[in-house]
Amino acid sequence: MRLKCRFIFILLLVIRVSHGVWRYRSLQGPEDHFTTHSKIELEFISDDPDELIEWQVPPACQCLNTSVHTSQVTCPTPEQYGFTVKYLATNETDPVRYITVSENQFCFSWYLVVSSQTSDWTTADLTVRIWVIDEQHMSSEEMSQSAVLPSHVGIWTASKTAPLFD
């Protein structure tokens, strides 16, 4: 008598539910060039706009808001930094992506505020305030682009750079 063995192959599939994708880019200059003075935009894209996430950012970097789908990060020193997103509902974390931040050769940026504008466009009167900011030492209002006046550091920076433009 011959034994017949039947093998049942069980195929196990490990399916990871995709939460979404995330990307990063520089908000100043080329999209893939990150410097100590540029803002890095982190953007999470998902079918579920209410999905709860948390950006995992190195302690040396400053993130405007770690719990929103699109946020901005600045890193003060040139080196390689790891970023990832954590899904709060499942406590899963995406693989770390590394961004190399280099020293900036241009140390200052311009900040512009439209302080008043006439409603009659025929006269086109427009009052603006422009000042130079050092992005490593800007105020929280300058960082969130809600400042209407320069910070104390901004006033000092503008006074030191003004002779360069005479």
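This is a short tour of a predicted model, stop by stop.

**Before you select anything**

Residue numbers start from 1 along each chain as its sequence is written, and side-chain values use heavy atoms, with hydrogens and water left out. In this predicted model, local features need pLDDT of at least 70 and side-chain atom pairs count only at pLDDT 80 or more, while totals for chains, interfaces and linings use all residues.

**Whole chain**

Show the cartoon. The protein has two helices and 11 strands. Helices (H or I, at least four residues) and strands (E, at least two) are DSSP runs, numbered from the N terminus. From that end, the order is β-β-β-β-β-β-β-β-β-β-β-α-α.

Now colour by burial. Of the 166 residues, 30% count as buried. Buried means under 20% relative accessible area, exposed over 50%, and partly exposed in between (1.4 Å probe, protein chains only). The protein exposes about 11900 Å², with 57% of it supplied by carbon and sulfur atoms. Areas come from the Shrake-Rupley method with a 1.4 Å probe; for residues, only the protein chains shown count as cover.

Contacts here are heavy atoms within 4.5 Å. Among those between residues at least 6 apart in sequence, 48% join residues at least 24 apart.

**Stop 1: strand β6**

Select residues 70-74, strand β6. Add β3, residues 40-45: the two run antiparallel and are joined by four bridges. Pick I40; its bridge partner in β6 is V73. Next add β5, residues 62-63, which pairs with β6 in the antiparallel sense over two bridges. Strands pair if DSSP finds at least two bridges between them. Q62 has T74 of β6 as its bridge partner. Follow the backbone from β5 to β6: a hairpin of six residues joins them.

**Stop 2: T84**

Move to strand β7, residues 79-87, and pick T84. Is T84 buried or exposed? T84 counts as buried because its relative accessibility is 5%. Show what surrounds it. Beyond neighbours within four places in sequence, T84 contacts W22, E54, W55, Q56, T93, D94, P95 and V96. Zoom in on P95: its backbone oxygen lies 3.5 Å from a polar atom of the T84 side chain.

**Stop 3: a surface patch**

Select W110, L112, V114, L126, V128 and I130 and switch on the surface. Together they form a nonpolar patch with about 610 Å² of accessible area. Which strands supply at least two residues each? They are β10 (109-117) and β11 (126-133). L126, for one, is found in β11.

Definitions and conventions
Patch = residues over 30% accessible without salt bridge, like charges linked within 9 Å, V, L, I, M, F, W, Y side chains within 5 Å. Salt bridge = Lys/Arg side-chain N within 4 Å of Asp/Glu carboxyl O. Polar contact = N/O pair within 3.5 Å; in protein donor to acceptor, adjacent residues only side chain to side chain.
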